[in-house]
Amino acid sequence: YAAGENKSDGLAQNELHAFRYPTNNNFITTGYQSFYKCVYAANLVIDNFKDGTTPVQKKAVAEAKVLRALSYLQLAIGWGTPPIVDHVLAATDKPGNAESQEQVLDFIVNDIDEALPLLDERKGTTDENGAYKVTKGLANTIKGKALLWKGQYAEAQQALYEVIKSGNYALVDDIAENFHVRGDGNAEKVFELNLVYDAAIGDFQFHTQWNLSW
């Protein structure tokens, strides 16, 4: 639910909350832009290290492909046929929309399949750090959801079963734990932002207290 003193406090959030958002709602605009900023960062890594020979270079490319796939999953769900950008664009490039949502979902699955052999596994349900990094569990989760949107239910089930049978994840008894600090990196978390409080940073409190649940 959108919060605030009144309906004009956090206007964009309230427009979404009320399902009355116009085409210039800045939450939608900045969301779209943010996913492509992530795609750009991933493409920088992929373009510069795709011919890498060391294990670190190869894993960096694999992790970048997973994060690119995660961004494209959100773009495909939210916008249907977003432009597929698989490299760093030149200033004069003008990519067009994808031919179909299925094309975008296929792009996601292909990125995941290429990345999976090079990724680390989470080290059990108590491995907090394994929830803050790119893992096989995250990759299979993205792949499963993409296949679910494609309507390939058997294949989606298989990808998601890889997450379950790994034994690295488990449902928690108290679902509220997932929305509080005590649940950071818990057994149910596949991938999440880890934000550490630093009292030396003046405005940090607004990110770690008011907005922590986000």
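**Exercise 1. Decide from its relative accessible area whether Asn14 is buried or exposed, and place the residue in its surroundings.**

Solution. Asn14 has a relative accessible area of 19%, and because buried means under 20%, exposed over 50% and partly exposed in between (1.4 Å probe, protein chains only), Asn14 is classed as buried. The model is a predicted one, in which local features need pLDDT of at least 70, side-chain atom pairs count only at pLDDT 80 or more, and totals for chains, interfaces and linings use all residues. Residues are numbered from 1 along each chain as its sequence is written, and side-chain values use heavy atoms, with hydrogens and water left out. The next step is to locate Asn14, which sits in helix α1 (residues 11-17), where helices are DSSP runs of H or I with at least four residues, numbered from the N terminus. Finally, with contact taken as heavy atoms within 4.5 Å, Asn14 touches Ala2, Ala3, Asn6, Lys7 and Asp9, once residues up to four places away in sequence are set aside.

**Exercise 2. Check the length of helix α3 (residues 55-79) against its expected span, and find what its buried residues pack against.**

Solution. The expected span is 1.5 Å times one less than the number of residues; for the 25 residues of α3 this should give 36 Å, and the end C-alpha atoms are 35 Å apart, which agrees. Turning to burial, the buried residues of α3 include Val61, Lys65, Arg68, Tyr72 and Leu75. An α-helix has 3.6 residues a turn, so residues three or four places apart point the same way. The buried residues of α3 pack against α2 (26-49), α4 (101-115) and α5 (136-150). After the helix comes Gly80, with a positive phi near 80°.

**Exercise 3. Describe Phe19 by its phi value and its accessibility.**

Solution. Phe19 has a phi near 55°, which is positive although the residue is not glycine. Phe19 belongs to the loop between α1 and α2, and with 70% relative accessibility Phe19 counts as exposed.

**Exercise 4. Determine which side chain of opposite charge is nearest to Asp127.**

Solution. Asp127 lies in the loop between α4 and α5. For the charges, Lys and Arg count as positive and Asp and Glu as negative, while His and the chain ends are not counted. The nearest side chain of opposite charge is Arg122, 4.8 Å away, whereas a salt bridge requires a side-chain nitrogen of Lys or Arg within 4 Å of a carboxyl oxygen of Asp or Glu. Asp127 is therefore buried without a salt bridge.

Definitions and conventions:
Helix = DSSP H or I, 4+ residues; strand = E, 2+ residues; numbered from the N terminus.
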